[in-house]
Amino acid sequence: MHPSLDTAPSPFKARVVCMAVILLAGLAAAGWAWAPRGLAVFLADNPDAAARLTGDGTVHALQWCFHAFGVVGILCALSGLAALVFAHRSTYLVLRLTLFAVAAVLAAYLYITWHGLFGLLAGDIEFNGQEHDRATTFKFWWSVAWPALALVLYTGWLHVMLRSRPVFSRFTRQSGGPMPGDHMLENLRTHGRDPRHRRSLYASTATHLVILVLIPWIMSLGGCVEAYKVPKGSGNPVVAMVTMVQPKKKEKKTITVRPDSAIIFDIPDLDETEVDQVLEQQTRQTYESNPNALAGQMGAGGGTEGGWPEGMDDYRIRFIYLEHGGVGWDDGMGENLSTINFLRHFSQVTGFRNIATGGESHAIRLLEKYPDDGFPPFVFLNGNGAISGISSDDARILREYCLKGGMIFANAGSPSFHQSFLHLMRQVFPDRALVDVPDDDMIYQMPFRFPNGAPAFWAHGGTRALGVRQEGRLCVFYHPGDMNDAWNDPKFTDVTPELRQTALNLGVNIVYYAFTHWNDAVAKAKK
């Protein structure tokens with residue numbers, strides 16, 4: 001026995017335990033209120049995963065867990081209040097049973113989420129727009145499991161406190177020697193009977209906690225970023241004319257007969273009526289690209305090798321999505337979807353081979369972590385629903401990013417996104433407005449020329465591209481017609497092959513424009 005152990009009843013420690021159990025009720029209620037919303041968003045964004053998780057019973061089991069969170073929350077509140085007012089053996093037993101119930105529900109939640117996510121991995125089902133391996137699946141499980149794991153530790157501490165003599169004696173009025181809880185608490189304080197063994201155990205435990213818990217948590221708060229690198233060199237854009245042409249009329253067939261024939265062969269051509277011709281001319285617009293090459297490779301600086309003077313040798317073309325709380329912000333971000341299709345097209349057009357294998361996501365706060373000579377030339381803001389979860393501090397960061405040389409490349413996937421984007425821009429730029437991007441703007445001139453401006457696709461917010469300018473430069477380019485959906489594989493999009501090619505070429509123009517002005521901004525900052 002440790003001679004320093006205090007086994008006298010402690011009303012203070014008993015009240016601390018009761019208040020901690022009441023606090024646990026609030027945490028359980030928060031899980032009951034918020035967890036179903038997170039599950040609903042995940043299922044809505046991942047229909048394939050939703051079908052699998054619904055079929056194997058995971059969704060039903062999780063819904064049971066969420067209801068159980070509410071029930072144990074009520075039990076914690078009632079038992080904590082009862083024990084706080086009536087320190088009796090019966091309330092002590094109720095406290096212990098309540099904590100066992102909390103532990104059981106938390107264990108069930110952890111098992112169900114583990115089983116469901118690794119079931120998706122076993123079935124080769126993508127979620128959140130990308131394929132996963134065991135490491136990335138575990139990382140995602142950790143993101144949804146760590147609050148429950150923290151509550152498991154919290155509940156364990158309460159069990160230890162209830163099994164200590166000062167608290168036990170307060171409720172039962174029974175005196176005696178130290179209990180298991182006393183020994184555990186004392187060992188944590190003094191390293192136990194054999195300090196050498198205890199210290200090595202604690203050192204190992206502390207090291208694992210720092211590496212597996214503390215460091216990832218700190219990184220998630222502040223964030224670490226990799227400086228953005230564009231190809232270093234000196235080049236000129238290769239210009240290609242992209243024009244709108246009218247569809248060719250079908251050659252009208254005629255039949256020659258004897259003039260004195262008794263049969264009238266003048267049959268109206270229903271496919272070539274004047275109304276049909278007018279309708280076809282107004283609704284069908286085909287874009288074609290005719291190369292009009294200039295000397296040199298894509299870039300700036302007047303050279304022929306390609307690249308930008310302020311770039312870096314070890315470059316990699318990256319496509320960064322901005323995270324927000326709306327639906328579909330990551331639409332097209334994964335492999336073999338619209339973003340990688342665009343990156344591959346960009347590589348083919350420019351000759352720059354070092355491209356990312358897919359899109360990547362960033363919280364808005366990470367934009368201010370980049371160095372002044374290595375921030376992203378553009379970031380992509382996308383969505384199939386209204387934008388949400390962007391704070392006033394996020395709006396400030398977006399404004400500062402744009403003013404120093406970056407570009408927000410935004411794409412509307414729905415009318416609700418269009419309206420929320422206009423509202424967001426009023427927050428980011430209260431002193432200026434979105435304006436029409438004219439057909440003769442430089443963003444439409446190279447490397448591909450678009451005499452008629454940006455083509456319309458689905459027109460969720462009109463048919464004209466809009467922008468915000470900073471000293472003449474477009475720091476926001478907004479396409480209201482779901483352009484990145486036109487980048488998708490032909491089997492997943494209903495635009496014509498010609499219009500899909502035009503959409504990819506327009507994306508190249510936007511990225512080229514962003515890279516060139518990024519180069520100018522970095523060069524100016526270095527002076």
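A residue counts as buried here when its relative accessible area is under 20%. By that criterion, helix α14 is mostly covered, with 22 of its 30 residues buried. The model is a predicted one, and α14 makes a convenient place to start reading it. This helix covers residues 497-526. At 1.5 Å a residue, its 30 residues should span 44 Å, and the C-alpha atoms at the two ends are indeed 44 Å apart, so the expected and computed spans agree.

Stepping back to the whole chain, the secondary structure comes to 14 helices and 10 strands. Of the 527 residues, 45% count as buried. Among the contacts with a sequence separation of 6 or more, 79% are made by residues 24 or more positions apart.

A contact between two stretches of the chain can be followed from H345, a residue of helix α10 (residues 338-350). Its relative accessibility is 8%, and therefore H345 counts as buried. Which residues does H345 contact, leaving aside its neighbours within four places in sequence? They are Q501, L504, N505 and V508. An α-helix has 3.6 residues a turn, so residues three or four places apart point the same way.

The N-terminal part of the chain offers a helix pair to look at. Two packed helices are described by the angle between their axes and the distance between the axes. For helix α1 (residues 11-45) and helix α2 (residues 47-55), the axes come within 5 Å and cross at roughly 115 degrees. On the α1 side the contact is made by F42, L43, A44 and D45, which meet P47, A49, A50 and L53 of α2. Seven of the residues in this contact are nonpolar, one is charged and none is polar.

Turning to the strands, β6 (residues 407-412) is mostly covered, and six of its six residues are buried. In a regular strand the side chains alternate between the two faces of the sheet. In β6, M407, F409 and N411 point one way, while I408, A410 and A412 point the other way, and all of them are buried. Strand β5 (residues 378-383) pairs with β6 in the parallel sense over six bridges. Within this pairing, N382 stands opposite N411 of β6.

Strand β9 links two further pairings. Four of its five residues are buried, so β9 is largely enclosed by the rest of the structure. On one hand, β7 and β9 run antiparallel and are joined by two bridges, with D436 opposite L466 of β9. On the other, β9 and β10 are also antiparallel, joined by five bridges, and here R469 stands opposite L474 of β10.

Some backbone details deserve a friendly second look. Most residues other than glycine have a negative phi, and most peptide bonds are trans. Where, then, does E471, with its positive phi, lie? E471 belongs to the hairpin of β9 and β10, which has two residues between the strands, and its phi is near 55 degrees. The loop that holds E471 runs between β9 (466-470) and β10 (473-479). At 71% relative accessibility, E471 counts as exposed, because the cut-off for that class is over 50%. D124 also takes a positive phi, near 55 degrees, without being a glycine. D124 is found in the loop between α4 (89-122) and α5 (134-162), and its relative accessible area of 71% makes it exposed. A cis peptide bond, with omega about 0 degrees, joins M446 and P447. P447 lies in the loop between β7 (435-436) and β8 (448-449).

Finally, the cysteines. A disulfide is a covalent bond between the sulfur atoms of two cysteines. How many disulfides does the structure hold? The structure holds zero. For C402, the nearest cysteine sulfur is that of C475, at 4.7 Å, and C402 is in no disulfide; that distance can be set against the cut-off, which asks for a pair of sulfur atoms within 2.5 Å. C402 has 0% relative accessibility and therefore counts as buried. C65 is buried as well, with a relative accessible area of 0%.

Notes. Residues numbered from 1 in each chain as written. Predicted model: local features only at pLDDT ≥ 70, side-chain atom pairs only at ≥ 80, totals over all residues. Heavy atoms only, no water. Buried < 20%, exposed > 50% of the residue type's maximum accessible area, 1.4 Å probe, protein only. Axes fitted to C-alpha atoms, helices over the stretch in contact; angles between N-to-C directions. Contact = heavy atoms within 4.5 Å. Nonpolar A, V, L, I, M, F, W, Y, C, P; charged D, E, K, R; others polar. Expected span 1.5 Å × (residues − 1). Pairing = 2+ DSSP bridges.
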